[in-house]
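Good morning, colleagues. Please take a moment with the sequence and the structure before I begin.

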Amino acid sequence: MLLDFFSHLRKARLPVSTTEYLNLLEGLSKNVGVLDLNRFYLFARLCLIKDESLYDRFDQVFQSYWAGREAAFDLNLDAIPDDWLKLSDKDALTEEQKAMVEAMGGWDKLMETLAKRLEEQTEEHHGGSKWIGTRGTSPFGHGGFNPEGVRIGGKGGQGRAVKVWEQRRYKDLDGTRELGTRDFKVALRSLRRLTREGRPDKLDLNGTIRATAQNAGLLDIKMRAERRNAVNVLLLLDVGGSMDYHTALCEQLFSAARSEFKHLEYFYFHNFTYEKVWKHNNRRHNDTVSVPELIRTYGKKYRLILVGDATMSPYEVLAEGGSVEHWNQEPGAVWIQRLQQHFSHCVWLNPEKSDYWQTTPSIRIIKELMHDRMFTLSVNGIQDAIEALKTPIPPNPVTNEP
Amino acid sequence: MSNADYIITDELQQAVDAALTLERPLLVKGEPGTGKTQLAIEIAQRIDAPLFQWHVKSTTRANQGLYEYDAVSRLRDSQLGDERVKDISNYILHGVLWDAFTSDQRAVVLIDEIDKADIEFPNDLLQELDRMSFNVYETRETITAKQRPLVIITSNNEKELPDAFLRRCFFHYIEFPDKPTMEKIVAAHYPSIKQDLLKSAMDVFFDLREVPGLKKKPSTSELLDWLKLLIADDLPSEALGSDELRTVLPQMHGALLKNEQDVHLFERLIFLHKQRNR
């Protein structure tokens, strides 16, 4: 029964793990979160949900699962552990449920743990001593239960107290926080190049020992600069048009990159790189930076990351005047090669799913132009991209000077 | 704050009970000013346990909570021929968790604002919080908790915490108090406040929190400060709901609103309030 509830949560894509499920069982076996459904609700939420923006989804799953089963919950109280922990017949499981069991570490492991819990349970509650409050640890003075085993809250079933989960109080909590940038940050972190630059303000312990020894034991303190992340990143982002669908993802990448790299420069372009980029989207028509200037300003050691869906008409890449916004003297392909020549450590991140890459001609062309260095804008993609950024691309025979 | 001042909701109480019974760390989140930090202090008082506080900053490293080896002092002492030099343990500085683990009584540990630290910080504490023991490399000791302390961790959502860390914690989100709870909280702090003054003040306060686009919503502690000012000035009870409203309130709003644009909004709200009460 409980396992069933657990699979319901997984089906609703709540990130609950086996460890947390076992925590829940452990708690129940120690009489935490039993006695009525409200208490169980709170305890289950405490164990399983680690993010307030998921509270609302949890409430909904809880509601849909337990609606109409409140009576079952009460009946089962006396029967804990047997009924709660009893697994439905293994063969009766659907393929889906079987897959889930596998995902939770395999059938045997699960059974083993459950059996162990079951054992502990029978040892602890023999005779009529069930439900005697074990809450002496409670710091708040109440929460102790009637030792006769009478439930608080009436006979159960109908007319009980307000159900917390039905109120859906946490509806507003969604979307008020920084979304999923942690994974990006961790992925970006591997691009770090730690160097010692600046003021020497840290004690160099090894150096001091060596110098002191050389000084015949007289203390000779050596200082050195702290290690800092010295990697320089130039980020060029595609905005507008078809990129609007990927705004959220790009913002995540951007905010992760901002906090990870001290030397981060960013510019925007539309669809493809031509002779100009800009820094502020609302002033893009009169406040632009030319690409040759970009190349002059930022040294060769900058890592270039282009972000764009690369979805456009092939003319926009290959032809003069192909741009949708202005007449470009030279095709975009030439400009991107110039960028590559200077910033030889470069990659293209594409928020579009890689399934579409083969069927979109412009993506194929750009991928080729990028020497296959195009990756999906996902955690795995970024990891691969960072790996690729460590080596330069082979020099390009473009002689077309601007 | 004394015992009676801290109002704890049933939900939070159950969460604390569960954390105590199952000896698992309790991660507490919630709007600023909902008493996250106060919770640990309060629990320590109520179960009469020693409290160890660890306030995390952006430069805090996980090791500092365990111990630090003061090599520089030892080096200096060696130059002066100090006797203490011979025993390395003289230079091991105990951290918060060390003290909590070796406490004879069950302790309460507060790890405050864990999200302020580096992104890897929580991961570095996984083992220590799980097993409640750690090794001291310099003296080859293992420090194991005599009694597993109750660990309360607070977070303000500035950084996401790693999954592995979350799996090992219980999580509770402290909601902003609703009106009845808030009335209890206020009553605990100012038992002698005039009822009608309180009622108008609460109306203004909760209205204010509803105002869309407020940069910083006033929190419980701000309400309490504000009420303190109102009481200190001994305002007549009608002051908040009458014509005086507009002249009286702006003198006090500094306690509630900490942002110029918000003050602007507030003034508009008072104006509307006045119109409604006419």
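What handedness does the β-α-β unit made by β3(A), α11(A) and β4(A) have? The unit is right-handed. Let me say at once that this is a predicted model.

I shall take the parts of that unit in turn. Strand β3 of chain A covers residues 232–238, and 7 bridges join this strand to β4(A), the two running parallel. Within that pairing, A:Leu235 has A:Tyr266 of β4(A) as its bridge partner. Strand β4 of chain A, residues 263–269, is mostly covered, with 5 of its 7 residues buried.

The helix of the unit, α11 of chain A, spans residues 247–260. Its 14 residues reach 20 Å from the first C-alpha to the last, close to the 20 Å expected at 1.5 Å a residue. Its buried residues include A:Cys250, A:Leu253, A:Phe254 and A:Ala257. In general, an α-helix has 3.6 residues a turn, so residues three or four places apart point the same way.

I now turn to chain B. In what order do the 5 strands of its open sheet lie? The order is β2-β5-β8-β1-β9, with parallel pairing. At the edges are β2 (51–55) and β9 (170–174) of chain B, each of which pairs on one side only. On average, neighbouring strands of this sheet are turned by 20 degrees against each other, direction ignored.

At the β2 edge, 5 bridges join β2(B) to β5 of chain B, residues 108–112, and these strands run parallel. There, B:Gln53 stands opposite B:Leu110 of β5(B).

Two helices of chain B meet this sheet. Helix α1, residues 10–22, lies across β1, β8 and β9 of chain B, and runs at about 160 degrees to β9(B). Helix α2, residues 36–46, packs on the sheet and touches β1, β2, β5, β8 and β9 of chain B; its direction makes about 165 degrees with that of β8(B).

Further along chain B is helix α10, residues 195–210. This helix has 16 residues and reaches 23 Å from its first C-alpha to its last, close to the 22 Å expected at 1.5 Å a residue. Among its buried residues are B:Leu198, B:Met202, B:Phe205 and B:Arg209.

Finally, the cysteines. How many disulfides are there over all chains? The count comes to 0, with a disulfide taken as a pair of cysteine sulfur atoms within 2.5 Å. As for exposure, A:Cys346 counts as buried because its relative accessibility is 0%, under the 20% limit. B:Cys169 is likewise buried, with a relative accessible area of 1%.

How values were computed. Residues are numbered from 1 along each chain as its sequence is written. Chains are lettered from A and ligands numbered from 1 in the order in which they are written. This is a predicted model: local features need pLDDT of at least 70, side-chain atom pairs count only at pLDDT 80 or more; totals for chains, interfaces and linings use all residues. Side-chain values use heavy atoms; hydrogens and water are left out. Two strands pair if DSSP finds at least two bridges between them. Helices (H or I, at least four residues) and strands (E, at least two) are DSSP runs, numbered from the N terminus. Axes are lines fitted to C-alpha atoms, for helices over the stretch in contact, and angles run from 0 to 180 degrees between N-to-C directions. Contact means heavy atoms within 4.5 Å. Buried means under 20% relative accessible area, exposed over 50%, partly exposed in between (1.4 Å probe, protein chains only). The expected span of a helix is 1.5 Å times one less than its number of residues. A crossover is right-handed if, with the strands pointing away from the viewer, the path from the first strand over the helix to the second runs clockwise.
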